[in-house]
Amino acid sequence: MKASVLLASTLAVAQAAISVPGINYNPRIGPNWGPDATNCKSSAQILADFKILAKITKAVRIYSVTDCNQAALVIPAAKQAGLKVWLGVWVGPEASIFAAEKAKLSSLISSGVVDDNIMGIHVGSEAVYRKDITPETAISNFQDIKSLLTTAKINVPVTIADIGDVWIANPSMVEAVDVVSANEFPFWENKDASEAAAWFYMRMEPLIASAAKYKKKILISETGWATGGAAANTGPSTPAQAARYFNDFSLLAKQMNWDYFYFSSFDLAFNSNASIVDNVEEHFGLFYANGTMKPCYADLTVTGTTAVTTKPVSQLSTTVVPVPNAQPKGNDAAPKGSNSTTTPAASGKGAADSTTAGSGKTSGSGKTSGSGKVSTQSAAAGVALSSLVSLAVASVFMMTTAFLLAAIVAMVHAAFMVPGLNYNPRIGPDWEPESKACKSAEQILADFKILATVTKAVRIYSTTNCNQSELILPAAKQAGLKVWLGIWVGPEKSIFAAEKAQLVTLIKKGLIDSNVIGLHVGSEAVYRKDVTPTQAIAYFKDIKELMTSSKIDIPVTIADIGDTWIANPAMVEAVDVVSANQFPFWEAKEASISAQWLYSRLTPLLASAAKFNKTLLISETGWATGGNASNASPATPEQAARYFSDFAALAAQMKWTYFYFSAFDLGFNSNASIVNNVEEHFGLFDRNGTMKPCYAGITIAPTSSVTTLSPSQISAITLAPLASGSSNTTGTVTLPSGTINKTTAPSSNAPQVTATWLVSVASILIASLPF
C-alpha cells in the first residue's frame with residue numbers, strides 16, 4: 001500500500017475550510033522528568049484529539065512506539081476515528097534505544113496491532129543531523145526494520161526521517177529508502193512568510209534532483225510555522241505569518257504533488273523551553289491545546305495556484321548552492337522534554353529540546369533542528385561540497401550578524417543573544433540595611449528592560465535576600481523575561497527553612513506561574529562544605545515534593561561545581577537536570593584555550609549525566625574584564641571577549657543551555673582587603689547599564705574549534721574509582737577504541753577533588769590543549 005495513495009485520498013473537512021494530507025501528533029502533555037501517568041495522554045484523550053483531527057486530515061504521524069506507550073494507544077484510537085497512522089521508531093546515540101523501539105514494534109506486529117491502518121514507518125528522526133548516529137548506521141537501522149516488516153509480510157513504505165541537507169549530503173540514504181522523508185522549515189531560517197514557499201522550494205531543489213535520480217518519491221515529513229512565542233533568528237511568529245505560510249506551502253505542495261505531514265496538530269505547552277529562550281515550539285499547532293482551531297486557520301481558505309516558480313526535474317542539479325541568508329539555529333537536542341536521549345516525546349519531540357527537531361525547528365526536546373540548517377556534519381559525510389557549505393555558513397553568519405547590528409537598536413549594538421544571565425539585585429554589602437543595599441522594584445525593572453535586549457531569561461540565587469523573588473518575578477514578566485529561581489542553602493538549617501517558607505508564600509500568591517522555568521536548591525553549598533551531598537539531595541527532594549504537591553511542573557536541581565557532580569553520582573541520579581558551574585578563569589587558563597579546557601573538565605560529567613539520562617545545564621560560567629586576583633586568568637576585556645565567543649560557539653555545538661555570569665558589574669563585590677576584586681567585573685554590562693565595548697562589538701563564530709566526543713563515545717566512557725584520599729584526579733576513560741589512562745594534577749586554583757568516583761579527561765582532549 002503506497003503512502004501517496006492514502007494521503008491523496010484526503011476528503012473535504014466539515015466545518016473547516018482547510019485540510020492537510022497528514023499531521024504530526026504528540027500524546028505527551030508534560031516533560032519527560034515526570035511520570036507517564038501525569039505527563040502522557042490517556043487513550044480517551046487521544047481518541048478525543050483524533051476526532052478533532054479527523055475533521056481536517058486522514059492521517060497522523062508519531063515519533064516513537066515506546067514513549068508514553070503511544071503506538072499501542074494511538075493505533076486503535078486512530079482506527080476508531082477513521083485516521084491512518086504513520087509510525088516512528090526513535091533512534092538515539094545508544095544502540096539500546098533502537099533495540100527497545102524495535103522490540104516494541106515486533107510486539108505490536110505479533111499482537112496484530114500493525115495492520116493495514118499503518119501507512120508507513122520512519123526509522124529515526126533527524127538522528128544523523130544530531131550526530132547521534134552515522135548515515136551508515138541510519139541505513140543499517142532502516143534495513144533492520146525493513147527486514148522485520150518483510151518477514152512479517154507487512155508491505156508499507158519504510159524510510160529515515162531527516163533534514164533536507166542530510167539527504168542531499170548522503171545520496172546513499174536516498175538510494176536505500178522506499179521514500180525520502182524530509183523536514184524543512186523556512187521559519188527557522190529567518191524568512192518572512194511572504195517569501196517562505198519560494199525559499200522552501202529553492203532549498204529542496206538538490207534533493208528533488210537526487211530523489212529523481214534514484215526514482216524515489218519525496219514525503220515532506222515536517223514543515224510548519226509558529227503562531228506565537230519568542231525565538232532568536234526566526235521568521236515572525238504571528239498568526240498572520242503562520243496562515244500565509246500554510247496557504248503558500250499548501251499550494252506549492254499541490255503543484256509538486258508532494259505528500260506531507262504538517263507540523264503540528266495541537267499546541268504543546270510543555271514544549272516551551274524558556275530556559276533556552278526558544279518557546280515558539282509550543283505554538284506550532286493548527287489547534288490550541290484545548291482542541292480549538294486557531295482563528296488564523298479557521299478563517300483561511302486555500303485557493304488558486306502557487307506563485308512559486310518551479311523547474312522541470314531535468315533542469316535541477318544535485319549540487320548544493322550556498323544559502324545567502326540562512327542561519328541554522330543548531331541546538332537540536334535529543335527528544336523528550338529535556339534532553340533525554342532515551343525515547344522521544346514525539347511530535348515536538350520532546351524538548352529541551354533543548355532546546356529543543358524537525359528541520360530547523362526547535363523541536364520538542366528542546367531542540368532546534370533544522371532543515372534550514374546547513375549541516376556541516378552532513379556535508380562532510382561525502383559530498384564534494386564540504387568547503388562550499390562551510391563558506392556558506394560563515395558568510396551567512398556574517399550577513400545575519402550585520403543585519404542584527406543594524407536592526408536591533410535596543411541591543412546597544414550587541415550582535416548576540418544568550419540563553420540566560422545570572423542576576424543579583426544587591427548593590428551594597430550584607431551588613432547594610434536592605435533599603436540601602438538592595439535595588440528597588442523600579443531599578444530591577446529598568447535592569448530587566450536592558451537585559452531583554454540580549455536574553456530572555458534571568459537566574460537568581462535566593463527567594464529571601466533583598467526580597468528579590470517578590471520583586472523580580474513581576475518585573476521579569478513585565479520585561480518579557482523568564483525566571484530561574486534559586487533557593488539559598490547555608491550551613492544553618494534555618495537558612496533553608498526560611499527560603500522554603502518564602503517559596504511557599506510565593507506559590508500561595510500565585511507568583512510561581514508559567515514564567516518560572518526552573519529552580520535550583522543551593523548554589524555550591526556542597527563545594528563550600530555547608531552541607532553534605534546527602535543533605536543537598538534531601539533539600540532537593542523537599543522542594544521537589546513541594547512543587548509536585550502544588551502541581552507546578554518545572555525542573556528542580558542542585559547547583560554546584562563540576563567536580564562536585566562528578567564526585568557524587570547520587571546527586572546526578574536524583575535531580576531533574578544537572579546544573580553545573582565551571583570557570584576556566586579561576587583555573588588560571590588563557591582565554592584562547594579555555595573553551596577546550598572547560599569541555600575537558602566537564603567530559604566526565606557528560607558521561608555521568610548520559611548514564612542517568614540527564615540534561616546538562618551550565619548554570620554559571622564567565623570571565624572578569626578587570627580587577628586583580630591571585631592565581632586567576634588575565635582579567636582583561638580582550639580575554640573576556642575571547643572566552644565569551646569561544647564558549648558561546650561551544651555551547652551551541654553541544655546544545656547546552658546556559659546562564660552566563662553575569663548581567664551587571666557589582667561594585668560591592670570588591671573585597672580590597674584580599675585584593676581579589678575581580679568579582680565586581682564579571683558583568684556583560686557595567687553598573688550604569690552600558691554594555692562593555694568588548695562585548696558590544698563581538699562576533700560569535702558559527703562553529704566551535706573545540707575537539708569534542710560524539711554521544712556514543714561519551715556513553716562509552718567507563719568511570720573508574722580512585723583510591724580514597726588520592727591527591728590527583730586519576731582514572732580510566734574507556735572509549736570504543738580502547739582504554740586510556742591519564743593522571744592530571746588539579747590546577748592550583750581548582751577545587752581539590754578527593755572523591756572515590758573520578759576520572760580524567762580522554763587524552764584526545766588533553767592533546768588538543770596547547771600547553
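## Strands β12 and β13

In this predicted model, strand β12 (residues 516-523) pairs with strand β13 (residues 556-561) in the parallel sense over three bridges; pairing requires that DSSP finds at least two bridges between two strands. H520 stands opposite T557 in β13. Helices (H or I, at least four residues) and strands (E, at least two) are DSSP runs, numbered from the N terminus.

## Barrel and helix α22

Both strands belong to a closed barrel of eight strands, β9-β10-β11-β12-β13-β14-β15-β16, with parallel pairing. On average, neighbouring strands of this sheet are turned by 25° against each other, direction ignored. Helix α22 (residues 637-654) packs on the sheet and touches β15 (615-620) and β16 (657-660), contact being heavy atoms within 4.5 Å. The direction of α22 makes about 160° with that of β16; axes are lines fitted to C-alpha atoms, for helices over the stretch in contact, and angles run from 0 to 180 degrees between N-to-C directions.

## Helix α21

Of the 21 residues in helix α21 (residues 591-611), 18 are buried, that is, under 20% relative accessible area (1.4 Å probe, protein chains only). Following α21 is N613, with a positive phi near 55°.

## Whole chain

The protein chain has 25 helices and 18 strands. Of its 771 residues, 61% count as buried.

## Basis

Residues are numbered from 1 along each chain as its sequence is written, and side-chain values use heavy atoms, without hydrogens and water. Local features need pLDDT of at least 70 and side-chain atom pairs count only at pLDDT 80 or more, while totals for chains, interfaces and linings use all residues.

Technical notes
Expected span 1.5 Å × (residues − 1). Buried < 20%, exposed > 50% of the residue type's maximum accessible area, 1.4 Å probe, protein only.
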